[in-house]
Each structure stands twice: as C-alpha cells, then as structure tokens.
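Q: Please take a close look at the metal sites of this protein. I would like to know which residues hold the metals, where they sit along the chain, and how their surroundings are built.

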Amino acid sequence: MSDSGALRTIVIKESVLDKNRTIARANRQWFDERRCLALNLLSSPGAGKTSLLERTLTDLADSRRMAVIVGDLATDNDARRLNDRGAAIVQINTLDICHLDADMVARACSTLTEVEPEVCFIENVGNMVCPASFDLGEHARVVLLSVTEGEDKPVKYPTLFRTADLVVITKCDIADAVGFDRDAAIRSVRAVCPEADVIEVSARTATGLNAWYDWIEKRRSHAGFGPSPVEHGTQE
Ligand code: MG
Ligand code: ZN
C-alpha cells in the first residue's frame, strides 16, 4: 500500500509541472511578442535580490523600461523598496506557497500590458529548493550567492545552480570581513554549472554592476531584442 501511495505523489507532481510548463510557454511567447527580456532571479532569503534590483532600477531608469514581478510569502516590503524608481512593480503574495509558478507570473503580466517593459525581472520567493522546478517563461535564470552564505552552497543545492545562466556573487564589499574564500566558491559554482557566467558585485559600493548591466544587454541581443541602450537613447 505504501508503494502505491508514493507513486500517486509522483504523478501529481508531474501533472502540476506539466501544467506549469504549458503556461510558462505562453508566458515566454508573451515576453517574446513584446521583445521583453524576462529574468528569473533566485536565491536563498537575504542573498540580496532586492538590493541588486534597487540599484539596477535606478541605474538603468534612463535607458530601459523595466518591470519587476516580486514574489513574497506575505509582505509587500520588497515591492515598496523597489517602488518610485521608474519601473512598474507587481507584488505577488504567494501566501504559504514557497515558490512562484507560471500562472502567478501570467496574472502579473496581465497588469503590465500598458507598461511595455523591455526587461522584466522576476524576483522569486527566497528559497533554493522548489523554485528550481518551476519554469516561469523566463529567458534566463540568475542565481544569487552571497559571500555570507558559505562557498559550498552550489554543491549543496545543485538542482538550482545547474539551471543558472548567470551566477551573481553578492555583497562582495564584506567578503574579507566574513572570510569568504573566493576560489572555493568559484570551484563550487564550476563543479555544478560550468557553463554559467559568473559576476561578482556589491550593490552597496556598485562594484561589478556594469558587468551585470552588460550581461543584461548581451542577453537582450542574444534573444534578438536589440537595439543597444545607446541606439535606444538616440531614437527617443
Ligand atoms: Mg527580496
Ligand atoms: Zn515551493
């Protein structure tokens, strides 16, 4: 009896993920039609997703129309931090669900039709486990790893890091103070996702942020969504 119970659990999970994949495909088409680069930001709680986005929205406000879909269990604290920076902010309260799914993102997108964002950041719920399984229709995954977390996070959470297109090492300004072993962290990233790009940043001191902004533009070109910000500026 216990075996058939276990089998049922697997079937339910698969059907949830199948349904999610279908909606994710529609989301990706929605983003493609608008030439909007969608980035799924994932990390543990407190790794610095919102801090990175605060800086990004401020620094790119003159060159790109942006939107942020923010997932949180309960509060709108992060959405309020991101507000008033020129970007459209959509808060999703997941209640007790510990990840965003494609349907939640579809509903958030339905509020963005007037905005026509060129870049949509999706700040996932802080959680390194199940968000990895849910395609949201993003073009790329950005996984954050802060210097305070321990260098072996990637090998402890390989499912998440394996799907990363970019790993952003955050809070580099305090790396020495917390005894961060950079070489060990890079080794750990490389062991799990050898192909991912790696950028080291500090949202506080702005170290590395240009590399992050260049990466966003590179992904836009890669998706066929030019033009570059310079050309964009002269068109307006
Ligand atoms: Mg946050
Ligand atoms: Zn979850």
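A: A donor is here an N, O or S atom within 2.8 Å of the metal, and water is not among the atoms, so sites may look incomplete. The model is a predicted one. By that criterion, the zinc ion (ligand 2) has as its protein donors C98 through SG, H99 through ND1 and C130 through SG, at 1.9 to 2.3 Å. Their spacing in sequence is C-H-x30-C. Distant parts of the chain are thereby linked: H99 belongs to the loop between strand 3 (88-93) and helix 4 (102-109), whereas C130 lies in the loop between strand 4 (119-123) and strand 5 (140-146), 31 residues apart. H99 counts as buried because its relative accessibility is 13%, and the limit for that class is under 20%.

The magnesium ion (ligand 1) is coordinated at 2.1 Å by T50 (OG1), D78 (OD) and E123 (OE). Along the chain these donors follow the pattern T-x27-D-x44-E. Here too the pair D78 and E123 links distant parts of the chain, with D78 in helix 3 (residues 77-82) and E123 in strand 4, 45 residues apart. Both D78 and E123 are buried.

Helix 4, which borders the loop that carries H99, merits a description of its own. At its N-terminal end D101 acts as a cap, with a side-chain oxygen 3.1 Å from the backbone nitrogen of D103. The buried residues of this helix are A102, M104, V105, A108 and C109. They lie on the same side of helix 4, because they cover an arc of only 160° around the axis. D103 also forms a salt bridge with R107, at 3.4 Å from N to O. These two residues of helix 4 are four residues apart, about one turn of the helix. R107 is exposed, at 53% relative accessibility, while D103 is partly exposed at 31%.

Helix 2 (residues 49-59) holds a pair with a matching separation: R55 and D59 are four residues apart, or about one helical turn. Their side chains meet in a salt bridge of 3.8 Å, N to O. R55 is partly exposed, with a relative accessible area of 28%, and D59 is likewise partly exposed, at 36%.

A further salt bridge joins E149 and K153, whose closest N and O atoms are 2.7 Å apart. E149 is buried at 17% relative accessibility, and K153 is buried at 14%. Elsewhere, salt bridges with shared partners join E54, R81 and R85 into one network.

Note on methods. Residues are numbered from 1 along each chain as its sequence is written. Chains are lettered from A and ligands numbered from 1 in the order in which they are written. This is a predicted model: local features need pLDDT of at least 70, side-chain atom pairs count only at pLDDT 80 or more; totals for chains, interfaces and linings use all residues. Side-chain values use heavy atoms; hydrogens and water are left out. Donors are N, O and S atoms within 2.8 Å of the metal (3.2 Å for Na, K and Ca); water is not among the atoms, so sites may look incomplete. Buried means under 20% relative accessible area, exposed over 50%, partly exposed in between (1.4 Å probe, protein chains only). The arc is that of the directions from the helix axis to the C-beta atoms. A polar contact is a pair of N or O atoms within 3.5 Å; within protein, one must be able to donate a hydrogen and the other to accept it, and residues adjacent in sequence count only if both atoms are side-chain atoms. A salt bridge is a side-chain nitrogen of Lys or Arg within 4 Å of a carboxyl oxygen of Asp or Glu.
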